[in-house]
Amino acid sequence: MPQRQKIVLVGQLTLFPWVFEAAERAGIDLVLVPRGDDTVENARRAKAVTEVLPLDIDGDPAAALAALVARYRQEPFDGIMAGNEKVVPFVAHAARTLGLPGISEDAAAVVRDKRSMRRLLRDAGLHTPGFVELDRPDRWTDALPLRFPVVVKPANGYSSLGVIRVDDKDSLEEAVGNTWKLVEANLRQAGEPAGEAGVLVEEYLDGPEVSAESLVHGGRVRVCAVSWKGELTGPYFEESTLRAPAQLPAEILAAIEEEVIGAHHAFGITEGTTHTELRLVGGIRPVLLEMGARIGGGGAMHYVTHASSGIDLAAEALRIHLGRDPECWSREPEPAGHSAFYLVPVGSGGRLVRVRGLEEIEADPRVDYVIRSAAPGTLLRPYPDWTGYPALVLSHHESDAAAVEFRDHLARTLRAEYEEQS
């Protein structure tokens with residue numbers, strides 16, 4: 001009997017089960033490096049985890065890499081994969097050091113910096129809005145020649161943290177200052193130097209948002225699913241729902257795929273899985289907003305992809321990071337139906353008491369996962385200073401119209417409740 005392959009999974013929060021379940025389906029053992037806000041106890045209970053390897057990647061990345069190399073020399077493993085956005089550069093560096101499959105360190109740096117992505121898209125002749133890079137908050141006047149409204153965003157943020165729409169020039173200085181403060185506060189919290197701060201100001205694009213989930217192996221890119229996110233007009237762009245497959249004409253889907261594949265080539269992404277967010281300007285022309293070199297939504301975009309396209313995205317990503325061809329390269333999966341991913345809005349924010357209506361939703365046969373992503377007592381801050389969602393609901397449906405109807409039901413039923421302020 002052949003020996004089971006083993007992969008190091010870095011920073012995958014155990015609250016989100018999809019990658020762990022995929023590893024179990026694929027017969028792959030996991031060495032889990034827990035995320036800083038996870039626990040070793042939770043890590044040991046996760047499916048397919050045969051070993052837990054705590055590493056202080058945020059506080060001392062050099063020591064973390066040395067410990068990982070020592071563990072590899074003691075007993076080699078077959079691959080390494082990132083479970084969240086922040087660890088992508090560390091994982092790329094570790095893969096190169098150990099000679100394992102993965103994206104290059106240059107590519108990892110690109111997808112962690114929205115300024116680099118904008119430059120490379122422009123240089124490749126792909127669609128991109130007008131933009132200005134700011135290396136100090138007092139340089140906000142450099143962005144005044146842009147066409148307003150504009151969007152102010154951190155250079156290396158995630159999940160719309162610090163992203164603000166600005167409708168007129170009189171409001172720009174305040175917005176840049178607010179985003180800069182959020183960036184510096186997050187860098188301090190992560191123990192990173194304030195000199196890493198940076199802000200991008202770009203022209204606002206009018207149109208609905210979509211996301212694309214892709215596999216890439218040996219430079220070959222396959223777009224596995226396109227999800228509909230809808231009209232996010234700001235000012236803070238809080239996401240509430242995704243539905244797949246997006247109900248779009250074939251020519252628009254083809255244009256999205258062309259833009260996504262072109263971005264992979266421009267960024268140098270040759271291995272792994274990616275989550276790409278785009279705007280459809282005028283509902284037609286796809287413009288890439290950003291790309292992450294990992295499974296989106298903490299792993300939830302695996303579910304959205306798998307339930308709608310039949311492609312086992314997380315299992316395929318694990319295979320790629322083990323140096324194996326994805327199984328969907330050689331056989332076409334059957335479309336599986338319609339899927340939806342609902343994020344309970346943060347609302348006013350505060351110290352969470354409960355999410356009203358969640359027990360009723362858990363019993364609904366259309367619901368496959370309910371994730372309580374914030375425990376009672378957790379302090380949740382609203383956008384733009386985002387700290388997390390109260391809960392996530394993932395569901396399957398017979399049609400897109402049924403998914404829309406269920407989304408409206410969730411919006412009426414679920415509400416985050418907070419302690420009263422004294």
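A residue is called buried under 20% relative accessible area, exposed over 50%, and partly exposed in between. The structure used in these exercises is a predicted model.

**Exercise 1. Classify the members of two salt bridges by accessibility.**

Task: decide whether R139, R372 and E359 are buried, partly exposed or exposed.

Solution.
- Step 1. R139 has a relative accessibility of 30%, which puts R139 among the partly exposed residues. Its side chain forms a salt bridge with that of D135, at 3.7 Å from N to O.
- Step 2. A second salt bridge joins the side chains of R372 and E359, with an N to O distance of 3.6 Å. R372 sits in the loop between β16 (367-371) and β17 (379-380), while E359 belongs to helix α11 (residues 358-362), so the bridge ties together parts 13 residues apart in sequence.
- Step 3. At 38%, R372 is partly exposed. E359 reaches 53% and therefore counts as exposed.

**Exercise 2. Describe the salt bridge between R71 and E51.**

Task: state which elements hold R71 and E51, and whether each residue is buried or partly exposed.

Solution.
- Step 1. The side chains of R71 and E51 form a salt bridge with an N to O distance of 2.8 Å. This pair connects distant parts of the chain: R71 is in helix α3 (residues 61-74) and E51 in strand β3 (residues 49-52), 20 residues apart.
- Step 2. The relative accessible area of R71 is 6%, so R71 is buried. E51, at 22%, is partly exposed.
- Step 3. As background, side chains of opposite charge can pair when their charged atoms come close.

**Exercise 3. Put the charges in the context of the whole chain.**

Task: find how many salt bridges the whole structure has, and how far apart the mean positions of the positive and negative charges are.

Solution.
- Step 1. The search of the whole structure gives 35 salt bridges. E209, K229, E239, E277 and R279 are linked in a salt-bridge network.
- Step 2. The protein chain carries 44 positive and 63 negative charges, and their mean positions are 2 Å apart.

**Exercise 4. Examine the surroundings of S227.**

Task: locate S227, and list its contacts beyond the neighbours within four places in sequence.

Solution.
- Step 1. S227 is part of strand β10 (residues 220-230). Its relative accessibility is 0%, so S227 is buried.
- Step 2. With neighbours within four places set aside, S227 contacts E209, V210, S211, L242, R243, A244, A246, M301 and V304.

**Exercise 5. Assess how covered helix α1 is.**

Task: say how many residues of helix α1 are buried, and which they are.

Solution.
- Step 1. Helix α1 spans residues 18-26, and 7 of its 9 residues are buried, so the helix is mostly covered.
- Step 2. The buried set consists of W18, V19, F20, E21, A22, A23 and A26.
- Step 3. G27 follows α1 and has a positive phi, near 70 degrees.

**Exercise 6. Summarise the overall fold.**

Task: count the helices and strands, then judge the radius of gyration against the globule rule.

Solution.
- Step 1. The protein chain contains 12 helices and 19 strands. Its radius of gyration is 21 Å, close to the 22 Å from the globule rule for 422 residues, so the chain is as compact as a globular protein of that length.
- Step 2. The C-alpha trace spans about 70 × 55 × 45 Å along its principal axes.
- Step 3. Of the 422 residues, 57% count as buried. The chain exposes about 18,000 Å², with carbon and sulfur atoms supplying 48% of that area.
- Step 4. Among contacts with a separation of 6 or more, 66% are between residues 24 or more positions apart.

How values were computed
Residues numbered from 1 in each chain as written. Predicted model: local features only at pLDDT ≥ 70, side-chain atom pairs only at ≥ 80, totals over all residues. Heavy atoms only, no water. Helix = DSSP H or I, 4+ residues; strand = E, 2+ residues; numbered from the N terminus. Rg over C-alpha atoms; globule rule 2.2 N^0.38 Å. Buried < 20%, exposed > 50% of the residue type's maximum accessible area, 1.4 Å probe, protein only. Contact = heavy atoms within 4.5 Å. Areas by Shrake-Rupley, 256 points an atom, 1.4 Å probe, with all protein chains shown as cover. Lys, Arg positive; Asp, Glu negative; His and termini not counted. Charge placed at Lys NZ, Arg CZ, Asp CG, Glu CD. Salt bridge = Lys/Arg side-chain N within 4 Å of Asp/Glu carboxyl O.
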